[in-house]
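Thank you for making time for this today. I would like to walk you slowly through one structure, and I will assume that nobody here has looked at it before.

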Amino acid sequence: MSERREVEVSISLRTIALVAAAVAIAGAVASIGGVLLTIFVAAFNVAVLLPVVNAIERRLGWSRGLCSVALMLAIVIVVGAVLLVVVHAISDSVRALSHDLPQIVDQVRHSGVGKFVNGGSNPLDTLRAHASDITKGVGKVSGGVVHVGVSAFGAVALFFSVLFLTLFGLIDEPRLRDWTAGLMYRDTRERYLRVTDRIVHTTSRYMLGNLAISVICGTVYGITAVILDVPYALALAVIAGILDLVPSIGATIAGVIIALVALSVSLEAMIVFVVVIVVYQQIENYVLQPTIVGKAAQVTGFTVLVSVLAFGALFGFIGAIIGVPIAAALQIVAEEFTAARRARIAAADAAEQQAA
């Protein structure tokens, strides 16, 4: 028999204290996760809008505070107007959809594609039988969402918190940046200013360009829906524009949704819309993205998809939108911190090639 060996494990009080402190900090961070997310969103907004404020300040000669207030006020007015239109359009569309869904299902059932789909387990017949239940559920859900959105004090407080944090961030950014740079030695300071400039430029150019492309996408899909007499064209256009904010897959998802609605009009309408989707995707990928966004976020397609999935899982739809510029910012930081090492390796490789 082998003899048992006693193993003595000793843990110092310092280790216990460090572990306890780490657990306490993690708990504190988790308890204020919502506040941290609010601050992060506001900081992201500052990075996006900072070049715009700088341009207004240069061209109009206004004070920084006035430029920031004017920009935020314009954004609030535009967003408020869009929300009024969207809420009205969606509420009307929900009511119309609740009334027309049984008829839409009947039209799809009697189309060529509908008969093919319905040939197996009769899913469209099942959908037709429960159409009234679905419309009642849609009405209840939409009504509940509107009620919560209007009456929830937390949502209003969150909106104004982000709004004023963004405003104060735009006003105080030069002072805060200079104060932070003043704590660094010259070489570190230059690197810090260079990295922050690249991150701000990349974030702003990407997000503003992505917003412009989303407006174009919603306009194209909306006009196509109007031409094809697809119902709820305005609501579908807004949905398309919002979904197109998600890189790579947003416009395709929006197109599939609208194509399914177009099938309720006719099979020919759906086919035309599918053609429009395919053509627009090529134009967006090879013309709009390189022209408007350019090389602002120099990340690979794999990185784009991973960042969308990862940040979307963490922060939902907002995370899917801001995932790519965050990934680009992390890549900029990594490139800056490894620049010296990569330069030494390149010099060593060149010396070896000359020696050979």
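I will begin with the overall make-up of the chain, then turn to the helix contacts, and finish with the nonpolar cores and a few single residues.

Please keep in mind throughout that what you see is a predicted model. The chain has 13 helices and 0 strands, so if you follow the elements from the N terminus on, you read α-α-α-α-α-α-α-α-α-α-α-α-α. Of the 356 residues in the chain, 30% count as buried. If we take the contacts between residues at least 6 apart in sequence, 67% of them join residues that are at least 24 apart.

Let me now move to helix 8 and its neighbour. The axes of helix 8 and helix 9 come within 8 Å of each other and cross at roughly 155 degrees, and because angles over 145 degrees count as roughly antiparallel, that is how we describe this pair. The crossing in which helix 8 passes helix 9 is right-handed. On the helix 8 side the contact involves Ser214, Cys217, Gly218, Tyr221, Gly222, Ala225 and Val226, and these meet Ala233, Ala237, Ala240 and Gly241 of helix 9. Sorted by class, this contact of helix 8 with helix 9 holds 7 nonpolar and 4 polar residues, with no charged ones.

What lies in the loop between helix 8 and helix 9? One residue to look at there is Asp229, which has a positive phi of about 60 degrees although it is not a glycine. Asp229 has a relative accessible area of 60%, and is therefore exposed.

Going one step further along the chain, we come to helix 9, residues 233-243, and helix 10, residues 250-263, whose axes come within 7 Å and cross at roughly 160 degrees. That angle makes helix 9 roughly antiparallel to helix 10, and here too the crossing is right-handed. Helix 9 contributes Leu236, Ala240 and Leu243 to the contact, while helix 10 contributes Gly250, Ala251, Ile253, Ala254, Ile257, Ile258 and Val261. By class, the contact of helix 9 with helix 10 consists of 9 nonpolar residues and 1 polar residue, with no charged ones.

Next, the nonpolar cores. Which residues touch the most other members of the largest nonpolar core? Of its 27 residues, they are Leu49, Met72, Leu170, Met207, Val308, Ile321 and Val324. At least two residues of this core come from each of helix 2 (33-60), helix 3 (64-109), helix 7 (153-181), helix 8 (186-227) and helix 12 (301-337), and helix 12 gives the largest share, with 9 residues. If we take Met207 and leave aside its neighbours within four places in sequence, we find Met207 in contact with Phe44, Val48, Ile321 and Pro325. There is also a second, separate core of 23 residues, which includes Tyr221, Ile258, Ala269 and Met270. You have already met two of those names, since Tyr221 is part of the contact of helix 8 with helix 9, and Ile258 is part of the contact of helix 9 with helix 10.

I will close with one more residue of helix 8, namely Ile213. Is Ile213 buried or exposed? Its relative accessibility is 0%, so Ile213 counts as buried. Ile213 and Glu284 are 71 residues apart in sequence, yet from C-alpha to C-alpha they are 7.7 Å apart in space.

Notes. Residues are numbered from 1 along each chain as its sequence is written. This is a predicted model: local features need pLDDT of at least 70, side-chain atom pairs count only at pLDDT 80 or more; totals for chains, interfaces and linings use all residues. Side-chain values use heavy atoms; hydrogens and water are left out. Axes are lines fitted to C-alpha atoms, for helices over the stretch in contact, and angles run from 0 to 180 degrees between N-to-C directions. Helices (H or I, at least four residues) and strands (E, at least two) are DSSP runs, numbered from the N terminus. Angles under 35 degrees count as roughly parallel, over 145 as roughly antiparallel, 65 to 115 as roughly perpendicular and the rest as oblique. A crossing is left-handed if the near helix is turned anticlockwise from the far one by less than a right angle, and right-handed if clockwise. Contact means heavy atoms within 4.5 Å. Ala, Val, Leu, Ile, Met, Phe, Trp, Tyr, Cys and Pro count as nonpolar, Asp, Glu, Lys and Arg as charged, and the others, Gly among them, as polar. A nonpolar core is a set of buried Ala, Val, Leu, Ile, Met, Phe, Trp, Tyr and Cys residues joined through side-chain atoms within 4.5 Å. Buried means under 20% relative accessible area, exposed over 50%, partly exposed in between (1.4 Å probe, protein chains only).
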